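Subject: Structure for you to look over

Dear colleague,

I am handing over the structure below, together with some notes on what was found in it. Please have it open beside you as you read.

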Amino acid sequence: MAVALPLLPARTSTAITSTPLFPGNPRTLILEQCKTVKDLNAIHAHLIKTRLFLKPRVAENLLESAAMLLPTSMEYAISIFRQLDEPDSPAYNIMIRGFTLKQSPHDALLLFKEMHENHVQPDEFTFSCILKACSRLKDLSDGEQIHALIFKCGFGSHGFVKNTLIHMYAICGEVEVARRVFDQMSERNNRTWNSIIAGYTKVGYWEEVVKLFRDMLELDARFDEVTLVSVLTACGRLADLELGEWINRYIEEKGLKGNPTLITSLVDMYAKCGQVDTARQLFDQMGSRDVVTWSAMISGYSQARRCREAIDLFHDMQKANIDPNEVTMVSVLSSCAVLGALETGKWVHFFIKKKRMKLTVTLGTALMDFYAKCGSVESSMEVFEKMPVKNVLSWTVLIQGLASNGQGKRALELFYLILENNVKPNDVTFIGVLSACSHAGLVEEGRDLFVSMSREFGIEPRIEHYGCMVDILGRAGLIEEAYQFIKNMPIQPNAVIWRTLLASCKVHKNVEIGEEALKQIVILEPTHSGDYILLSNTYASVGRWEDALRVRVAMKEKGVKKPPGCSLIELDGVIHEFFAEDNAHYQSEEIYNAIEDMMKQIKSAGYVPNTAEARLDAEEDDKESSVSHHSEKLAIAFGLINSPPGTTIRITKNLRVCTDCHNATKIVSKVFNREIVVRDRTRFHHFKGGSCSCNDYW
């Protein structure tokens, strides 16, 4: 049955007064001079009066103007179409194109079906138009039926029909089928190449995009700016800086620097290839920048872990009155998460609400991750509950957040809730839940989950899962079992596996296996400073000072340098950075006075400095002073003197928290009645009332 499209009532209008000047063939007047629906109405009335409307080509010119040239005249186009006695394929083509252009591809498809039922013969333009509608709808089923009809009607060899076929299959995710159509073509134009490249870009087959472009160069095929945008995107994903720079030189030689879309793609490519400063130079040279350009640069800073610059640039974007999009907000939230900048991230969340941005899976998950990485698990849970749609990544982020914040049992409960909700966990989910077992000391649960991965869920454990199991056993003090587990692994253990074991040896003072672990690490990663320090601290923990010093000397001889301890604290939206024994801060004098007072008070409450954590080159008399000036203690003192009593102090540390700072912070939380949240390299520590959420198990 033919589709019933709405028919507008006839409109009365005043005839054009200058009738003698009205041309016999009014195509130019209709298509170029018609600016409003009122103009259309007047011309329509004159064509009816002069009976020119009975001429198909004249009527189709009027139809084209209504359907495609004027933004709000589709209903009027329908009324014109319904007045045609026997509309032919050009008339149907105009309407199908109009519906697709006006974001009504479903109506385009209904009209095509009506055309077929009315036995109106489609032409090659019909198929090109309707395939575009299928692409908009991602309607593979109808697209495949139309493909069959194309061959039946004898248009299978037409180049531009095949181009739209390639585009349709690619958009619908059937890139292999699109490639078969492409390979069957004896002649390919620029649009053909762009269609297949766009298809591979959509599904993320970046190697194929680059390979096709190189094929184009070998065949001397013509490419344009659209081609280059896709290829630059692929270069960024593959870190193919060589090809990206070749394209940059081509753009300069051909004078294409005025194309903002192309330059934005260059900015994105350089940023993703780690050339953030080059990306920024291009960004600064642009005359005008849209939201995509700003987002590309902010994302580049975020991915390069230059998070302060990402946030600063976001503030510049606000000053430029450019409304951010979802990509912008995800990058800014990621930067806030890395810095532990809770207040800045909260403002971003408020901004999202103010702008009424849709809480998509991607944006919602980024918000959850931000709150979890700032130690605010309850806020992460609130975002999770408000998300209209959740996927396995959303659940996984929440599990990981609970685990790293010392709520392992709650994370495990959430994992079982995933199964009840028929959400299939993936390999990353298992990393999160095994990590939860590790932090909570749930050894048997961890063993069972590890076995269930392959047995019940068909997921083969990766190196990360084996690492989690080593951590579970090592943290529980089962050092020998962890060592044997590594030796029996079916895949070659990497440096991270041995480093995990070494960290456990340090906690449980197992020198023998710690020495073996370091031997293995040095073979794999000889310049990682943290490993030498772990063994040195292991020796120090059992009083073997000469061995501890020997390891440090070996580090120096091999040119292995320890990254300085660094702690960040946010105050009134500003990030303050402290290094051990640092005096660069403008409040340095006040901070060191506060440190002295803080140390006196916590000593009175039972704190005993652990001088084993002091610099090994420190004199005996200076060791206590050395440990009291660790970066996190400086940050805590800064927080105490600059925030109201009772305010939570939040600190982000680049290294694992040392034993002395951990003990000191527990007592500070009790003496000063403060909750102190410290995120170190591996987990969160929530200090409150003299205890820590990790139960001294980190």
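A good place to begin is with strand S4 (residues 676-679) and strand S5 (residues 684-688), which pair in the antiparallel sense over four bridges. Please keep in mind throughout that this is a predicted model. Within this pairing, Arg679 stands opposite Phe684 in S5, while Val678 has His685 of S5 as its bridge partner. The two strands, S4 and S5, form a hairpin, with four residues lying between them. Four of the five residues of S5 are buried, so this strand is largely enclosed by the rest of the structure.

On from there, S5 also pairs with S6, again in the antiparallel sense, over two bridges, and in this pairing the bridge partner of Lys688 is Ser691 in S6. S5 and S6 form a hairpin as well, with two residues between them, and Gly689 in its turn has a positive phi of about 60°.

These strands belong to an open sheet of six strands, whose order is S2-S1-S3-S4-S5-S6 and whose pairing is mixed. S2 and strand S6 (691-692) stand at the edges of the sheet with a single partner strand each, so one side of each has no neighbour in the sheet.

Towards the other end of that order, strand S1 (residues 566-571) has five of its six residues buried, so S1 is largely enclosed by the rest of the structure. Six bridges join S1 to strand S2 (residues 574-579), the two running antiparallel, and here Glu570 stands opposite Ile575 in S2. S1 and S2 form a hairpin with two residues between them, and Asp572 in the turn has a positive phi of about 55°. S1 is also joined to strand S3 (residues 649-653), by three bridges and in an antiparallel arrangement, with Leu568 standing opposite Thr652 in S3.

Turning to the helices, the axes of helix H15 (residues 260-272) and helix H17 (residues 291-303) come within 9 Å and cross at roughly 5°. Because angles under 35 degrees count as roughly parallel, H15 is roughly parallel to H17. In their contact, Thr264, Val267, Asp268, Ala271 and Lys272 of H15 meet Val292, Thr293, Ala296, Met297, Ser299, Gly300 and Gln303 of H17. The residues of this contact between H15 and H17 divide into five nonpolar, five polar and two charged.

One of these residues can be followed further, namely Ala296, which is found in helix H17. Its relative accessibility is 8%, and so Ala296 counts as buried, the cut-off for buried being under 20%. Leaving aside residues up to four places away in sequence, Ala296 touches Thr264, Val267 and Asp268. By contrast, the C-alpha atoms of Ala296 and Tyr92, which are 204 residues apart along the chain, are separated by 42 Å.

Lastly, which residues of helix H28 (residues 479-487) are buried? They are Ile479, Ala482, Tyr483, Phe485 and Ile486. Seen down the axis of H28, these buried residues fall within an arc of 160°, so they line one face of the helix. The buried residues of H28 pack against four helices, namely helix H26 (443-457), helix H27 (463-475), helix H29 (495-508) and helix H30 (511-524).

With best wishes

Definitions and conventions
Residues are numbered from 1 along each chain as its sequence is written. This is a predicted model: local features need pLDDT of at least 70, side-chain atom pairs count only at pLDDT 80 or more; totals for chains, interfaces and linings use all residues. Side-chain values use heavy atoms; hydrogens and water are left out. Buried means under 20% relative accessible area, exposed over 50%, partly exposed in between (1.4 Å probe, protein chains only). Two strands pair if DSSP finds at least two bridges between them. Axes are lines fitted to C-alpha atoms, for helices over the stretch in contact, and angles run from 0 to 180 degrees between N-to-C directions. Angles under 35 degrees count as roughly parallel, over 145 as roughly antiparallel, 65 to 115 as roughly perpendicular and the rest as oblique. Contact means heavy atoms within 4.5 Å. Ala, Val, Leu, Ile, Met, Phe, Trp, Tyr, Cys and Pro count as nonpolar, Asp, Glu, Lys and Arg as charged, and the others, Gly among them, as polar. The arc is that of the directions from the helix axis to the C-beta atoms.
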